[in-house]
Amino acid sequence: MLLTLVFALLVTGCGLRSASGAVLEAKPGTIQHYDSLEGVPITVTAKDFTEQLILGNMVSIILNAAGADVTNMTNTPGSFGVRQAMLDGTANVSPEYTGTGWINYMGNEQPIKDPVAQWQAVDEADKANNLTWLPPAPMNNTYAFAIRESEAQRLGVTKLSDLSRLPRHDLTFCVESEFANRNDGFVPMLQTYGLTRGDLGRVTHLDTGVIYTATANGDCNFGEVFTTDGRIPTLNLRVLEDDKQFFPLYNLTEVIATDLLDAHPELAEIFAQLNPRLTNETMMMLNAKVDSDGDDPAIVARDWLIEQRLLT
């Protein structure tokens with residue numbers, strides 16, 4: 001009965017609401033207060049994993065400090081829950097990834113290798129849905145392979161093209177089962193870098209979270225990771241450069257309802273101050289504060305914004 005009551009409280013006529021919908025207070029900094037945004041209702045939606053919890057709260061805190069009347073729907077379950085909220089107007093601002101838009105939402109099979117061209121293509125395609133994608137951040141949360149730092153130094157590897165010169169017994173991998181069998185996953189990646197499955201040593205299939213510790217412990221040399229995961233610096237892993245650009249680009253930006261942006265172009269001004277600061281290194285550090293140190297994502301978001309003097 002308690003679970004039913006909690007669920008009922010989370011569900012309203014306009015869909016599933018985040019259970020952590022508070023917006024932390026901060027004052028304007030280099031991001032100013034805009035009289036034109038005073039009282040403007042803006043609903044932010046973001047997904048339910050660590051990075052998105054941080055980013056959704058970051059966007060909410062910024063917009064609140066800039067003057068808007070913010071509803072925070074951070075912690076919405078899944079990409080398609082967020083997408084539906086944006087499409088049906090339940091929400092009108094969301095932190096999102098260009099690759100997710102291009103491949104998952106719009107159904108394109110071939111990624112675009114240039115980050116600017118990828119952003120422009122997804123922005124153009126989403127105009128029909130009354131959605132605008134702002135110029136993206138440098139951060140690119142895509143697939144990668146990582147190796148523990150000590151072993152990287154021993155083998156002398158910095159990029160994926162280095163793998164083809166290693167002996168078979170050093171080519172041990174930890175990957176997810178899904179990634180191992182996808183048409184755009186493990187085997188095509190190997191082919192891009194001049195390898196076949198038969199060239200490898202042991203390949204172990206593990207859940208995503210286990211791969212990081214297995215790689216750090218030396219159960220395998222090369223583990224499938226996501227490039228902004230906070231466990232990478234915490235476990236002293238080195239991400240290998242995807243020097244042939246096999247993996248799709250997942251640059252972070254804000255998607256905004258076009259009608260809202262047309263009425264308030266100052267929103268683009270605001271996020272143009274935020275996005276250049278969001279790099280892979282920054283996001284790994286922020287993610288680690290949550291996943292390794294146990295800090296609250298909203299507090300991590302607010303403290304970083306204040307540290308950057310974007311807010312005070």
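The exercises below work through the fold, the nonpolar cores and three buried residues of a predicted model.

**Exercise 1. Overall fold**

Determine how many helices and strands the protein has, and decide how its radius of gyration compares with the globule rule.

Solution.
- Step 1: The secondary structure comprises 14 helices and 12 strands.
- Step 2: The radius of gyration is 21 Å, and the globule rule gives 20 Å for 312 residues. The two values are close, so the protein is as compact as a globular protein of that length.
- Step 3: The C-alpha trace spans about 65 × 45 × 40 Å along the principal axes of the protein.
- Step 4: Among contacts with a separation of 6 or more, 77% are between residues 24 or more positions apart.
- Step 5: Of the 312 residues, 52% are buried. The protein exposes about 13,700 Å², with carbon and sulfur atoms supplying 52% of that area.

**Exercise 2. The annotated domain**

State which residues UniProt assigns to a domain, and describe the secondary structure of that span.

Solution.
- Step 1: The UniProt record, an unreviewed entry, places "domain: ABC-type glycine betaine transport system substrate-binding" at residues 41-306.
- Step 2: In the model, this span is 43% helix and 17% strand.
- Step 3: The C-alpha atoms at the two ends of residues 41-306 lie 24 Å apart.

**Exercise 3. Nonpolar cores**

Find which residues of the largest nonpolar core touch the most other members, and which helix supplies the largest share of this core.

Solution.
- Step 1: The largest nonpolar core has 53 residues, and Met-58 and Leu-63 touch the most other members.
- Step 2: Helix H2 (residues 50-65) gives the largest share of this core, eight residues.
- Step 3: Beyond four places in sequence, Met-58 touches Leu-274, Leu-278, Leu-286, Ala-301, Trp-304 and Leu-305.
- Step 4: Another core, of 25 residues, lies apart from the largest one; Ala-152, Leu-155, Leu-166 and Val-203 are among its members.
- Step 5: As background, nonpolar side chains tend to be buried together in soluble globular proteins.

**Exercise 4. Tyr-212**

Classify Tyr-212 as buried or exposed, and identify what its side chain reaches.

Solution.
- Step 1: Tyr-212 belongs to helix H9 (residues 208-217).
- Step 2: The relative accessibility of Tyr-212 is 0%, so Tyr-212 counts as buried; the cut-off is under 20%.
- Step 3: Leaving out residues up to four places away in sequence, Tyr-212 touches Val-225, Phe-226, Asp-229, Arg-231, Ile-232, Leu-235 and Leu-237.
- Step 4: Phe-226 is 14 residues from Tyr-212 along the chain, and their C-alpha atoms are separated by 9.9 Å. The side chain of Tyr-212 reaches the backbone nitrogen of Phe-226 at 3.0 Å.

**Exercise 5. Two buried polar residues**

Locate Glu-149 and Thr-76, and name the side-chain partner of each in a polar contact.

Solution.
- Step 1: Glu-149 is in helix H6 (residues 149-155). Its relative accessibility is 18%, so Glu-149 counts as buried.
- Step 2: Outside four places in sequence, Glu-149 is in contact with Asn-236, Leu-237 and Arg-238. With Arg-238, Glu-149 forms a side-chain polar contact of 2.4 Å.
- Step 3: Thr-76 sits in the loop between strand E4 (69-74) and helix H3 (79-87). Thr-76 is also classed as buried because its relative accessibility is 5%.
- Step 4: The side chains of Thr-76 and Thr-45 make a polar contact at 3.2 Å.

How values were computed
Residues numbered from 1 in each chain as written. Predicted model: local features only at pLDDT ≥ 70, side-chain atom pairs only at ≥ 80, totals over all residues. Heavy atoms only, no water. Helix = DSSP H or I, 4+ residues; strand = E, 2+ residues; numbered from the N terminus. Buried < 20%, exposed > 50% of the residue type's maximum accessible area, 1.4 Å probe, protein only. Contact = heavy atoms within 4.5 Å. Polar contact = N/O pair within 3.5 Å; in protein donor to acceptor, adjacent residues only side chain to side chain. UniProt positions renumbered as here; feature names shortened; annotations may be inferred. Rg over C-alpha atoms; globule rule 2.2 N^0.38 Å. Areas by Shrake-Rupley, 256 points an atom, 1.4 Å probe, with all protein chains shown as cover. Core = buried A, V, L, I, M, F, W, Y, C linked by side-chain atoms within 4.5 Å.
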